[in-house]
Amino acid sequence: MKLQMMIQRTCKKCSPNKTWEATNRVVILFFMLINIAFLHAQNVFHGEIVSKNGKVGIANGYILLIQNGTIFKTTTSYKDGSFTIKDVPAGDYIVEVACLGYQTICDSLSIKDTTKRTYRLKEETKDIDEVMIVADRSQIVKRTANGEIFYLSSDAKKMSNPFRALQEIPAIISDANTSSVKMLNGKAPLILINGNMINSGIGPISPADIESVEVVNSVSARYLQEGVTSILNIRLKKHTKPYLWLEGATRHEIPLDNGFGVGYFEIGNHKISLYGRAAYHYKYHEDVESSVNRTNTGYKQTYDQSTLSDANKWIGELLLKYQITPNDYFAAQLYDSYNTTKGNTSAHGNYTTDISQWYSFQSFNTNKSNILTTSLYYKHSFSKNSDLELRLAYNFNKNDYNANRTDSYEKRQIDANTLYNNKRHSGSFNVDYSKENANNSSLIAGSHSTLIMDDINNAIGENPLFKHYNYNQYVYVGYGGSLKHLHYNASIGMEGIWAKAGDANYNYFRPRCNTSITWVANKHNSVRLSYQLSNTAPNVAYLNPYNTSTDSLFVSIGNPNLKPQMTHSASMSYTLNVGKLYFTPAVDYKYISDVIENYGHSDGGVYYSTYANTGHFAQISAGADLSYRFKWGRVYAGGGWKAYYFMGHNAKSSTYVSFGFNAQVKDFSFYGDIDYNSRDYTALACTTYSHPSVANLQVNYNFTPNFYIGVCLQHITGEYQSKTTTVDGSFHSLVENHYKDQKIRPWVILRYTFRKNADKKHKLGKVLNSTEEGISIIK
């Protein structure tokens, strides 16, 4: 009415034409204001979460509103199951609804105005003792026979970098700057995505897609042959539609002695995708200064040594993934790496027999290696819980090693040269079957076949071509399940090896097995007992019978008659998790028979070093790991003691400690890490360390959620140093090393990530993994 009266008053004062023009202007202005108000309106998304029958509201349920792979907003449901999210711009969203004890559901939603939804959740089939209702799902730790299952907090799911999100998992250490993950003991785990083997598939993951994180410390017989000691299995949610993921990073020390540049991409949809990466790493002027004292029958040698090393490595990879049908998945991979290392060593000192004389040497070496791998993978799902996996791989490796050295005395000079041209062809074919039963039991079985053919060509001298062939056939079976509070898992495998090293022929059969039992006393306490039997065959570097040393007083050769060493490992651990506290003390025992160790003898003042199956070795260790997560980050620490028992030697001991933290303050991230090990042992040598091997402080600043700069100060406790003492009969050696490049110095990193529809990507991840490390005669 007010608008109509205003128009009428205007009409009385104006001519007909002017009146019509004025009316038009008022009407147009009115509709413009309505449109502007509509465009800036913020909608409300509300509703309720109820049980499947719709009668009971579910409290403390998580509602995540996801847009373009990033969590836009999140909330929890009230006691009656209702929820409300205000100020939601119009657009397309993915809604994820989850609650402990219920099956998670996802919903595609287009919000244009106030929108209401009712979500009916179906209860999971679980023992009542396993259902724990807490406000923060990340405080839950679910025990299995072989490890633990963790969940990310809602804050972690909002992050754009998956390695940052994984930093709150208490059983691992995740480094967002190097895009790597390690266990608390410092070892790198095998990374699985949805149970599938991968190389480095964490980077493309959006944290919002992570359903759970499983850490396995007691691996089944399936992985024992490949030397796997631990597993990190990340389970993801499923989505559809196209997506694009790009990431680039570069890191450099100051001065520019060490750094890398890497680029990744993945493009595709839920059916087909292509992943690729290209990386370059360089390391210049790796500077080690050493003080060497050696004595043997008839002489004493003392000199100061300086070694400079340069290295660079190129890596290229392509991976095609194709979901043929809902039950059939195929992947093909091509991987190539090229690595070059150059070293330059000079020394000056004295050489004393009956008289003392001046002594020096100069040496150069170059090691070049190229590895080309191609792999095919096929997976067929007979049902939701029954899978058959096939993997076929071929690897070609070429390695060239060249070294020359000149020893100068006051009255003579000795020149020595070494040139090796080596090749390796290897292939493998793996068949793995797994099935999970409705009663929470599981069955695994499989066969792994591997063939290796090595040619070691000593191009200098009259040494014949050394050939090494190794055919390995491995079969395994395993079963696991639970009885109320007791979870168990057992697997056994038999490995047959037929090998030829030069003129030595041998074949043997070796068992492998793993068994573990976990008793879950309650939701906070559990105890695990585990036993593992494995064996390790010597690689070609230990079998090569030709000298790889250019030192005129030191000869290093392999032994083609070596047998595998067998390892028995037993562990007992206790786990306590209360809220954000995670505490795990453990005791471990290891016994190795037919242990491969250095041994040597002296002849004419020259020390000959080789390898032999010397007998047995035992190790006892006791330690504990502690992790606590605060609102701003996480603090973790660990430490322990080890005792070593070499046959014919007195017991030897060492200690180790570690400490680290990460913190988030607005757009800044802070990190710190310290790792220290007092000493290492072999049967003949002891190495002590005077400073931590890792002692870093770092700060990152996020310009945007996907772009950050980081600055790190390395070795803040001082220059890394070691002292190695070797005693074998008349041969005595003391070497003190000062790693001049491992001292207080900074590095800077830049990393940028671009994701488009990352929540829609194909989630099977990189299922191929080349275990080929390449042939090398350098031990």
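In this predicted model, D594 is found in the loop between β31 (581-593) and β32 (596-603). The residue is not a glycine, yet D594 has a positive phi of about 55 degrees. Its relative accessibility is 25%, so D594 counts as partly exposed. H285 offers a second case of a positive phi of about 55 degrees in a residue that is not a glycine. Here the setting is a strand, β18 (residues 272-296). With 45% relative accessibility, H285 counts as partly exposed.

The backbone holds another detail worth a look: I254 and P255 are joined by a cis peptide bond, with omega at about 5 degrees. P255 has its place in the loop between β16 (243-253) and β17 (258-268).

For a wider view of the chain, the secondary structure comes to 6 helices and 44 strands. Of its 779 residues, 46% count as buried. Among the contacts with a separation of 6 or more, 62% are accounted for by residues 24 or more positions apart. One pair that is apart in sequence can be followed from S426, which is found in strand β23 (residues 413-436). S426 and N395 are 31 residues apart in sequence, while their C-alpha atoms are 5.2 Å apart in space. S426 has 5% relative accessibility and therefore counts as buried.

Next comes the nonpolar interior. In soluble globular proteins, nonpolar side chains tend to be buried together. The largest nonpolar core of this model has 24 residues, and L232 and I234 are those with the most contacts inside it. Two or more residues of this core come from each of α4 (162-165), β11 (180-183), β12 (190-193), β14 (210-216) and β15 (231-236). Leaving aside residues up to four places away in sequence, L232 touches I172, V181, P189, L190, I191, L192, I202, V213, E214 and V215.

Aromatic rings give another way into the structure, with a count of 35 aromatic pairs. In one of them, the rings of F617 and F646 have their centres 4.7 Å apart and their planes at 40 degrees, so the pair is tilted. F617 lies in strand β34 (residues 616-629) and F646 in strand β35 (residues 633-646), so this pair ties together parts that are 29 residues apart in sequence. F617 counts as buried, because its relative accessibility is 7%, and F646 also counts as buried at 7%. Y701 and F703 form an edge-to-face pair, with 5.1 Å from centre to centre and 90 degrees between the planes. Y701, at 29% relative accessibility, counts as partly exposed, and F703 counts as partly exposed at 46%.

Aromatic residues also gather in a group: Y299, Y303, Y351, Y359, F361 and Y409 form one aromatic cluster. A member of this cluster, Y409, has R412 lying over its face, at 4.3 Å from the ring centre. A similar theme appears at Y474, where the charged end of R512 sits over the ring, 5.9 Å from its centre.

Open space is the next topic. Rolling a probe the size of a water molecule over the atoms shows where empty space is left. About 720 Å³ of space lies in the second largest pocket of the model. This pocket is lined by 33 residues, of which D155, A156, M159, R164 and Q664 are the closest to its centre. Helices and strands both take part in the lining, as two or more residues come from each of α3 (154-157), α4, β35, β36 (652-665), β37 (668-677) and β40 (694-704). Helix α4 also gives two or more residues to the largest nonpolar core. Strand β35, which contributes to the lining, is also the strand that holds F646.

The last stop is K740, which has its place in the loop between β43 (731-739) and β44 (745-756). With a relative accessible area of 24%, K740 is partly exposed. Residues up to four places away in sequence aside, K740 touches D287, E289 and E719. K740 and Q721 are 19 residues apart in sequence, and their C-alpha atoms are 8.9 Å apart in space.

Note on methods:
Residues are numbered from 1 along each chain as its sequence is written. This is a predicted model: local features need pLDDT of at least 70, side-chain atom pairs count only at pLDDT 80 or more; totals for chains, interfaces and linings use all residues. Side-chain values use heavy atoms; hydrogens and water are left out. Rings of Phe, Tyr and Trp (its six-membered ring) pair if their centres lie within 6.5 Å; planes under 30 degrees apart count as stacked, over 60 as edge-to-face and the rest as tilted. Helices (H or I, at least four residues) and strands (E, at least two) are DSSP runs, numbered from the N terminus. Buried means under 20% relative accessible area, exposed over 50%, partly exposed in between (1.4 Å probe, protein chains only). A charge sits over a ring if NZ of Lys or CZ of Arg is within 6 Å of the ring centre and within 35 degrees of the ring normal. A nonpolar core is a set of buried Ala, Val, Leu, Ile, Met, Phe, Trp, Tyr and Cys residues joined through side-chain atoms within 4.5 Å. Contact means heavy atoms within 4.5 Å. On a 1 Å grid over the protein atoms alone, a cavity is a set of points where a 1.4 Å probe fits but cannot get out, and a pocket is an open set with protein on both sides within 12 Å along at least five of seven lines; lining residues have an atom within 4 Å of a point. Grid points are joined across faces, edges and corners, and a volume is the space filled by probe spheres set on the points.
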